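This report goes through a metal site, the cysteines and the aromatic pairs of one protein model. Please keep the structure in view while reading.

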Amino acid sequence: MARAMLDPSEGQPVAIERQDGRSPVILVCEHASKTIPQALGALGTRPETLDSHAAWDIGALAVAQRLSALLDAPLVFQRFSRLVYDCNRPPEAPDAIPEMSEVHVVPGNRDLSAAARRQRIDEVYEPFRAALAALVSARATQARPPVIVTIHSFTRIYFGITRHRAIGILHDRDRRLADAMLARAEAQGIDTALRNYPYGPEDGVTHTLKEHAIARGLANVMIEICNDLISDEAGQQRWAGHLARLLETALDSLTVETHATSRQKA
Ligand SMILES: [Zn+2]
């Protein structure tokens, strides 16, 4: 049998915090970490690549952890870099194991053998997917069905173009929660939120939403925050507060609508 990629001393690829949190929200952070398993070295990259948004979503885990505390919601996150495997992509996606990320080249991902590719999937993606699926299943029978909320960050300047908005509210074909959030963002102090920004479903970024929420009929949303706003603790606290209030008011409105609909049907 081939040697494992992850050494036991490196821990599990997936972490769950606040597993018994009382909120219906399940927070997910696929791009939480810039850690590369020792067995892969630095994937042949330059040090600046491993510190950049190419390797991870800067500030996203810290915001997700604060949100988890504010909402009393469980948080599932990946403990290794998206350069090893991007857990917001299915195994068949060409960029699941990226050879290039914006201007950053990843030599260690070039010409991977089928076995090496399989190992990344089996040791990084599958445990993450399974842990999240199990958590969603365990909560699916509760009175308030789970709501999947994924937390990401984007870089202000991308391919030389400056992005001026603070927040993107992203959705695939189930737009209930995104619509409710966008309708209430300004009143919650977020006047710079934009729908499907700076990416959208056409860019393949809604894999987690489709796999874990849409397939089960659960409300869901993906939140993208500009990373220069959450690079320090003050910014992380501020944006976690804004988002907690926005999510709570948006979810309250969905609950009211759901009740109204079921009364009409009855
Ligand atoms: Zn991300």
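In this predicted model, the zinc ion has three protein donors: His 31 through ND1, Asp 57 through OD and His 152 through ND1, at 2.0 to 2.1 Å from the ion. Along the sequence these donor residues follow the spacing H-x25-D-x94-H. His 31 sits in the loop between β2 (25–29) and α1 (47–51), while His 152 belongs to strand β6 (residues 147–154), so the pair ties together parts that are 121 residues apart in sequence. Both His 31 and His 152 are buried.

The cysteines come next. A disulfide is a covalent bond between the sulfur atoms of two cysteines. Searching the whole structure gives zero disulfides. For Cys 29, the nearest cysteine sulfur is that of Cys 87, 11 Å away. A disulfide needs sulfur atoms within 2.5 Å, so Cys 29 is in no disulfide. Cys 29 is buried, at 0% relative accessible area, and Cys 87 is buried too, at 2%.

The structure has three aromatic pairs. Two of them are set out here.

| Pair | Centre to centre | Angle between planes | Type |
|---|---|---|---|
| Tyr 85 and Tyr 125 | 5.0 Å | 35° | tilted |
| Tyr 158 and Phe 159 | 4.9 Å | 75° | edge-to-face |

The pair of Tyr 85 and Tyr 125 links distant parts of the chain, 40 residues apart: Tyr 85 is in the loop between β3 (75–78) and β4 (100–101), and Tyr 125 is in helix α3 (residues 114–139). Tyr 85 is buried, with 0% relative accessibility, and Tyr 125 is buried with 3%. In the other pair, Tyr 158 is partly exposed at 26%, whereas Phe 159 is exposed at 52%.

Terms used:
Residues numbered from 1 in each chain as written. Predicted model: local features only at pLDDT ≥ 70, side-chain atom pairs only at ≥ 80, totals over all residues. Heavy atoms only, no water. Donors = N, O, S within 2.8 Å, 3.2 Å for Na, K, Ca; no water. Helix = DSSP H or I, 4+ residues; strand = E, 2+ residues; numbered from the N terminus. Buried < 20%, exposed > 50% of the residue type's maximum accessible area, 1.4 Å probe, protein only. Phe/Tyr/Trp six-rings, centres within 6.5 Å; stacked < 30°, edge-to-face > 60°.
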